Amino acid sequence: MSYQAEYIWLDGTSPTPLLRNKTKIMADGKEPPMWGFDGSSTNQAEGGASDCALIPVRSIPDPIRSGDNVLVIAEVMNAKDLKPHVTNTRAACVKTAKKYAKHEMIFGIEQEYTMLRLDGTPLGFPPGGFPGAQGPYYCGVGAGRVVGREIIEEHTQACIDAGLLIEGTNAEVMPGQWEFQIGAADGVTVSDHMTFARWLLHRIAEDYEVVISFAAKPIKGDWNGAGAHTNFSTKAMREGYPAVINACEAIGKKVLQHVENYGDDIQSRLTGKHETAPWNKFSYGVSDRGASIRIPWQVERDGKGYAEDRRPNANMDPYTVTRIITETVCSAEKL
Ligand code: ADP
Ligand code: MN
Ligand code: MN
Ligand code: MN
């Protein structure tokens with residue numbers, strides 16, 4: 001029997017690309033082939049030369065359609081030469097991961113996000129107003145404290161059914177805000193799994209007429225922003241504490257280069273309040289949730305482990321963030 005392959009790719013929308021997808025019906029036993037789309041409708045081409053190519057790079061069972069159906073991540077290529085399109089950040093991520101493979105870098109990403117109604121107000125905010133101040137919502141239970149639980153439940157099970165490396169979920173500090181974590185694995189795998197998990201979240205929330213927002217600071221004022229804390233380690237960091245410190249120092253030498261690539265509107269989120277460090281000041285510390293990079297207390301106790309870059313926004317591109325951390329940390333690490 002035929003099956004459905006859902007091709008998923010990142011478009012050219014600025015400043016934050018959108019996920020796009022379309023379905024190909026496949027004859028039984030055939031693998032999803034190279035395909036194409038109209039790049040002039042996705043900010044990836046001009047109308048006069050509109051074709052872009054899609055090259056399948058990773059596929060997983062489709063947990064929504066189930067059966068033999070699959071979800072496929074495709075890299076966007078120029079139709080004329082089949083080289084990576086300028087919006088294809090995965091190709092560079094793969095290249096860097098290969099270059100520094102000997103460092104055996106792994107990542108775990110904590111994806112925060114906000115559920116919105118179709119009118120743009122967060123779920124859990126009364127129409128035209130604000131809920132009670134932050135405090136009871138983080139890791140909360142019970143009506144009036146958490147909203148949208150049915151979406152979380154469905155999304156988490158879908159990720160598990162699809163074989164994604166989902167590690168956990170929790171309600172966040174602002175009402176309507178949630179988190180899931182993906183990891184730990186090499187940068188390309190974690191980024192692909194994050195892309196599938198984000199797509200599944202949009203797709204599942206669609207059935208509830210809920211909009212998933214990865215905006216860095218969806219509500220101004222005394223409300224937490226949404227981040228994507230990026231936890232990382234090299235083999236050397238997992239074996240000894242000096243390598244953990246060296247990694248933090250190396251990143252501290254390239255503050256702006258990192259922050260510029262950590263997602264749109266980062267200045268609104270990294271203010272120094274709400275468990276963030278100011279975007280233009282770098283710091284690292286043990287257990288410090290007000291630092292740019294936090295070294296978990298167990299890592300100091302064990303004398304080895306990983307570090308958490310707390311700066312990436314919820315709307316970051318995981319291919320770009322893992323690539324830059326890999327370049328900075330591994331180029332400064334002697335093997
Ligand atoms: P917190 O909310 O306290 O910051 P979480 O439990 O949400 O922490 O996330 C911890 C993340 O750290 C997970 O994504 C996990 O994969 C990642 N992690 C744990 N150990 C390592 C490691 N050695 N290298 C890279 N990432 C790691
Ligand atoms: Mn977390
Ligand atoms: Mn969090
Ligand atoms: Mn964290």
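**Figure 1. Protein donors of the manganese ion (ligand 4) in the predicted model.** In this predicted model, the manganese ion (ligand 4) has as protein donors Glu110, which is listed with two OE entries, His229 through ND1, and Glu308 through OE. These donors lie 2.0 to 2.5 Å from the ion. Along the chain, the donor residues follow the spacing E-x118-H-x78-E. His229 belongs to the loop between strand 9 (211–213) and strand 10, whereas Glu308 belongs to strand 13 (residues 307–309), so this pair ties together parts of the chain that are 79 residues apart in sequence. Glu110 also coordinates the manganese ion (ligand 2), and the two ions, ligand 4 and ligand 2, are 3.9 Å apart.

**Figure 2. Coordination of the manganese ion (ligand 2) by Glu110 and Glu179.** Each of these residues contributes OE to the manganese ion (ligand 2), at 2.2 to 2.3 Å. The pair links distant parts of the chain: Glu110 is in strand 6, Glu179 is in strand 8, and 69 residues separate them. Glu179 forms a bridge between the manganese ion (ligand 2) and the manganese ion (ligand 3).

**Figure 3. Coordination of the manganese ion (ligand 3) by three glutamates.** Glu112, Glu172 and Glu179 each coordinate the manganese ion (ligand 3) through OE, at 2.1 Å. The spacing of these donors along the chain is E-x59-E-x6-E. Glu179 is shared with the manganese ion (ligand 2), which lies 3.9 Å from the manganese ion (ligand 3).

**Figure 4. Polar contacts of ligand 1 with protein side chains.** An oxygen atom of ligand 1 is 2.9 Å from an N or O atom in the side chain of Glu308. Arg294 places a polar side-chain atom 3.0 Å from an oxygen atom of ligand 1. For Gln181, the distance from a side-chain N or O atom to an oxygen atom of the ligand is 3.4 Å. On its own, ligand 1 has 580 Å² of accessible area, of which the protein covers 74%. Glu308 also appears in Figure 1, as a donor of the manganese ion (ligand 4).

**Figure 5. The shell of residues around ligand 1, which takes up the space of the largest pocket.** Strand 6 (106–116), strand 8 (177–185) and strand 10 (230–233) are the elements that give two or more residues to this shell. Strand 6 provides the largest share, with 4 residues. In total, 15 residues surround ligand 1, and the closest are Glu167, Glu179, Ser233, Arg294 and Glu308. By type, the shell divides into 5 nonpolar, 4 polar and 6 charged residues.

**Figure 6. Two cis peptide bonds, at Pro15 and Ala184.** Most peptide bonds are trans. Ser14 and Pro15, however, are joined by a cis peptide bond with omega of about 0 degrees. Pro15 lies in the loop between strand 1 (3–10) and strand 2 (19–26). A cis peptide bond also joins Gly183 and Ala184, with omega of about -20 degrees. Ala184 is located in strand 8.

**Figure 7. Positive phi angles at Asn43 and Glu104.** Most residues other than glycine have a negative phi. Asn43, which is not a glycine, has a positive phi of about 60 degrees. Asn43 is found in the loop between strand 3 (35–38) and strand 4 (51–61). Glu104 likewise has a positive phi, near 50 degrees, and lies in the loop between helix 1 (89–99) and strand 6.

Technical notes:
Residues are numbered from 1 along each chain as its sequence is written. Chains are lettered from A and ligands numbered from 1 in the order in which they are written. This is a predicted model: local features need pLDDT of at least 70, side-chain atom pairs count only at pLDDT 80 or more; totals for chains, interfaces and linings use all residues. Side-chain values use heavy atoms; hydrogens and water are left out. A residue is near a molecule or strand if one of its heavy atoms lies within 4 Å of it. A polar contact is a pair of N or O atoms within 3.5 Å; within protein, one must be able to donate a hydrogen and the other to accept it, and residues adjacent in sequence count only if both atoms are side-chain atoms. Accessible areas come from the Shrake-Rupley method with a 1.4 Å probe; for residues, only the protein chains shown count as cover. On a 1 Å grid over the protein atoms alone, a cavity is a set of points where a 1.4 Å probe fits but cannot get out, and a pocket is an open set with protein on both sides within 12 Å along at least five of seven lines; lining residues have an atom within 4 Å of a point. A molecule sits in a cavity or pocket if more than half of its atoms lie within 2 Å of its grid points. Ala, Val, Leu, Ile, Met, Phe, Trp, Tyr, Cys and Pro count as nonpolar, Asp, Glu, Lys and Arg as charged, and the others, Gly among them, as polar. Donors are N, O and S atoms within 2.8 Å of the metal (3.2 Å for Na, K and Ca); water is not among the atoms, so sites may look incomplete.
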